[in-house]
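Me: Please take a close look at a single part of this structure, and tell me how it is tied to its surroundings. I would like the reasoning spelled out, with each cut-off given where it matters.

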Amino acid sequence: MFNKLQQNSIEADTLRNGKLSGPAAVVFVKILFNVNQNNIIRGTPENIIQDAKITHWAFRKGIKNLKEKNIIRKYTAKEYMLNPDVSFNGDDKRYYILKHMWETQTSTGLKDVK
């Protein structure tokens with residue numbers, strides 16, 4: 001699968017300018033290989049740690065830094081979502097669908113959209 005890396009967002013600037021911690025950069029690269037077409041990384045933290053072959057410390061530190069920089073967020077209990085302003089797979093229509101998913105989902109569930 002080929003993911004398009006965005007260049008025109010604050011989050012992409014964070015990646016481009018090297019403002020991530022070492023563990024966050026490692027976690028980002030490792031999860032980029034496991035993201036599906038909906039920008040979802042499936043699996044519990046333990047599964048992701050085993051698949052990515054990283055330590056628990058690096059995963060926790062990396063995920064924390066990525067969440068602070070708004071690059072990744074917890075989507076459901078066993079899923080994380082990658083910000084479509086950083087990377088996505090597909091055309092412009094897919095981007096707007098993913099952007100809507102990103103904006104309407106919080107770590108505790110769907111936001112009330114009125």
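Reply: In strand β4, E79 is the bridge partner of R42, and this pairing is a good place to begin. The model is a predicted one, in which local features need pLDDT of at least 70 and side-chain atom pairs count only at pLDDT 80 or more, while totals for chains, interfaces and linings use all residues. Residues are numbered from 1 along each chain as its sequence is written, and side-chain values use heavy atoms, with hydrogens and water left out.

Strand β4 covers residues 79-82; here helices (H or I, at least four residues) and strands (E, at least two) are DSSP runs, numbered from the N terminus. On one side of β4 lie E79 and M81, on the other Y80 and L82, and these residues are all buried, so that both faces of the strand are covered. Buried means under 20% relative accessible area, exposed over 50%, and partly exposed in between, with a 1.4 Å probe and protein chains only.

Two strands flank this account of β4, and two strands are said to pair if DSSP finds at least two bridges between them. Strand β2 (residues 40-42) runs antiparallel to β4 and is joined to it by 3 bridges. Strand β3 (residues 72-76) also pairs with β4 in the antiparallel sense, over 4 bridges, and R73 stands opposite M81 in β4. With 2 residues between them, β3 and β4 form a hairpin.

The R42 and E79 pairing also involves the side chains, which meet in a salt bridge at 2.1 Å, N to O; a salt bridge is a side-chain nitrogen of Lys or Arg within 4 Å of a carboxyl oxygen of Asp or Glu. This pair links distant parts of the chain, R42 in strand β2 and E79 in strand β4, 37 residues apart. The two partners sit in contrasting settings, for R42 counts as exposed at 53% relative accessibility, whereas E79 counts as buried at 13%.

A search of the whole structure finds 3 salt bridges, and beyond β4 there is a network of them that links D85, K99 and E103. D85 and K99 form a salt bridge whose closest N and O atoms are 2.5 Å apart, and this pair joins the loop between β4 and β5 (87-88), where D85 lies, to helix α5 (residues 92-104), which holds K99, 14 residues apart. D85 is buried, with a relative accessible area of 11%, and K99 is likewise buried, at 17%. K99 also forms a salt bridge with E103, with the closest N and O atoms 3.8 Å apart. Because K99 and E103 are 4 residues apart in helix α5, about one helical turn separates them. E103 counts as partly exposed, at 43% relative accessibility.

The surroundings of β4 also take in helix α3 (residues 45-52), where I48, I49 and A52 are buried. These residues cover an arc of only 100° around the axis, which puts them on the same side of α3; the arc is that of the directions from the helix axis to the C-beta atoms. An α-helix has 3.6 residues a turn, so residues three or four places apart point the same way. What covers the buried residues of α3 includes α2, β2, α4 (56-68) and β4, where a contact means heavy atoms within 4.5 Å. The face of α3 turned away from its buried side carries the exposed residues Q50 and D51, and the helix is followed by K53, whose phi is positive, near 60°.

Helix α2 (residues 22-32), named among that cover, has P23, A24, V27, F28 and I31 buried. Seen down the axis of α2, these buried residues fall within an arc of 135°, so they line one face of the helix.

To place β4 in the chain, the protein chain has 5 helices and 7 strands, which follow the pattern β-α-α-β-α-α-β-β-β-α-β-β along the sequence. Of the 114 residues in the protein chain, 46% are buried, and among contacts between residues at least 6 apart in sequence, 65% join residues at least 24 apart.
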